[in-house]
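Here are my comments on the model you asked me to look through, set out as numbered points. Please keep the structure open beside them as you read.

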Amino acid sequence: MYQDHFSLSASSPAGNAPPVAPAPLRIGLLGLGTVGGGTYAVLQRNAAVIAARAGRRIEVRMVAVRNLARARTVLGEQPGTPLLTDNPQALVCSPEVDVVVEVMGGTGLARSVVLQAIAHGKHIVTANKALLAEHGAEIFAAAQARGVVVAYEGAVAVSIPIIKALREGLTANRIEWVAGIINGTSNFILSAMRERGLGFAAALAEAQALGYAEADPTLDVQGTDAAHKLSLLAANAFGTLPQYPQVQVQGISGLDAADVTFAEQLGYRLKLLGIAKRHGSGLELRVHPTLLPESHLLAQVHGSMNAVMVKSDAAGITLYYGAGAGAEPTGSAVIADLVDLARSASLSPAQRVPALGFASGVQPGLQVVGADDVESAFYVRLDLSRPDATVPRVLQQLAADGVQVQRMAQHPHPSDPELRCLVLLTAPLALRTLRPALQAVEAWPTVLGYASVLRVESLA
């Protein structure tokens, strides 16, 4: 009898036509480089499963690129190949395109064509963190006025669905802080420095040889890429517009391999972290190399992997981990946004998940706390020529200036056996308290150069 039941339910009622398949979601792809190529490859390979999850097919109808010949080698010549153009304006104005997927990068032309696409009523999916970090207020406002979606999961943590987690999975929570390793290049370099004792330059060269770093790695190693991503994370966590210009940024290019080693001997690992944290009625927004206890979950994230940790009042601490770079991992996130759009494009704007997670009450920006006022413990390294006489004076000076030292160690200097490295861990204090004490010490003739100063975080 069950067989008869299923047979009847699988057939159309007598006299009725079979149900009409929903129209496909039609895509225009701006760019066919690493991310664009990865997105196209996954869409083609997994077309059936993506359609089953989305409820309709997702089809790339047009592709706009600078190099048409190269694009033809990526797309092939099989039936159904998208229309190729070297004119992005033709794509964003085409009636054959419902969604513009911007994966060409940059902030000049990308901003122009995205705003043009929005004006023509096209939804936007982008993996361009710089575009939204620097021009997000303008783009989100234009999209809201036109009633279209701007989706950007692939712009923040590549394969990690952290935007969806913040604005949907943790929607019942008051977020206390978000912290993460959100630049795979820097994490690869720091891992190589720790695991194999490489200097920064050698670790960077290896990252470039393996394809983890660009020929010009400035955005990654100076912390700019992580700052772009952090501004989007903070906007979704705290209900503000992106505040990239307010992020305090320090990269890893000035790190000494000795500090990586000394931190390890103290039981810490050095990671480039992006941290967004409530601070009274304001926010801390900072990207910098950070010492984490070696047992901390984020300290276990190696190579080019990314991880984001969130602390919220109801859910507590949650951790999200995944690939921090790559064509198909980023393409996976782009397609997740497309599937969401395939399901929700017909809804009214009020029924969709808001672009920044808050349907109302999004603020232009909370006050960002200056670096001098952010309290933490600190790692301090001083290079000394006469340690026996100098160490007691250093401790006296720090104590007189209100700096409490919790741990101390001395090490031979890695490049000069006649010198010593004094390594200190302080109790938590504001940088404005630590700075004058170190300036006084640095002026002494037995203290060589400037102190190496790094923040220490527990993130518990």
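1. In this predicted model, E328 is partly exposed, because its relative accessible area is 31%, a value that is neither under 20% nor over 50%. Its partner in a salt bridge is R45, and the closest N and O atoms of the two are 2.9 Å apart. R45, for its part, counts as exposed, since its relative accessibility is 52%. The pair links distant parts of the chain, for R45 belongs to helix α2 (residues 34-45) and E328 to helix α14 (residues 327-344), 283 residues apart.

2. A second pair worth finding is that of R111 and E138, whose side chains meet in a salt bridge with an N to O distance of 2.9 Å. Because R111 lies in helix α6 (residues 109-119) and E138 in helix α7 (residues 129-146), this pair ties together parts that are 27 residues apart in sequence. Both ends have some accessible area: R111 is partly exposed at 29%, and E138 counts as partly exposed at 35%.

3. A third salt bridge joins the side chains of R381 and D256, here with 3.8 Å from N to O. R381 is placed in strand β13 (residues 375-384), while D256 is in the loop between β8 (248-249) and α13 (257-265), so that the pair ties together parts 125 residues apart in sequence. Are the two partners buried or exposed? R381 counts as buried, because its relative accessibility is 9%, which is under the 20% limit, whereas D256 counts as partly exposed at 34%.

4. Beyond single pairs, salt bridges that share partners join R26, R57, E59, R61, E96 and D98 into one network. The count for the model comes to 23 salt bridges. As general background, side chains of opposite charge can pair when their charged atoms come close. Taken over the protein chain, the mean positions of the 35 positive and 37 negative charges are 5 Å apart.

5. Helix α10 (residues 200-209) is a good place to practise reading a helix, and its buried residues are F200, A203, L204 and A207. Seen down the axis of α10, these residues fall within an arc of 100 degrees, and therefore they line one face of the helix. They pack against α9 (184-196) and α11 (218-221), while the face of α10 turned away from the buried side carries the exposed residues A201 and A209. After α10 comes G211, which has a positive phi, near 85 degrees.

6. Please look also at S304, which sits in the loop between β10 (282-293) and β11 (305-312). Although S304 is in a loop, this residue is buried, because its relative accessible area is 15% and the limit is 20%. If neighbours within four places in sequence are left aside, the contacts of S304 are G184, F188, Y212, G324 and A325.

7. Finally, some values for the whole protein chain may help you to place these details. Its secondary structure comes to 16 helices and 17 strands, and its C-alpha trace spans about 100 × 50 × 50 Å along the principal axes. Of its 460 residues, 52% count as buried, and the accessible surface comes to about 20,100 Å², with 53% of that belonging to carbon and sulfur atoms. Among contacts with a separation of 6 or more, 72% are accounted for by residues 24 or more positions apart.

Technical notes
Residues numbered from 1 in each chain as written. Predicted model: local features only at pLDDT ≥ 70, side-chain atom pairs only at ≥ 80, totals over all residues. Heavy atoms only, no water. Helix = DSSP H or I, 4+ residues; strand = E, 2+ residues; numbered from the N terminus. Buried < 20%, exposed > 50% of the residue type's maximum accessible area, 1.4 Å probe, protein only. Contact = heavy atoms within 4.5 Å. Areas by Shrake-Rupley, 256 points an atom, 1.4 Å probe, with all protein chains shown as cover. Lys, Arg positive; Asp, Glu negative; His and termini not counted. Charge placed at Lys NZ, Arg CZ, Asp CG, Glu CD. Arc of directions from axis to C-beta. Salt bridge = Lys/Arg side-chain N within 4 Å of Asp/Glu carboxyl O.
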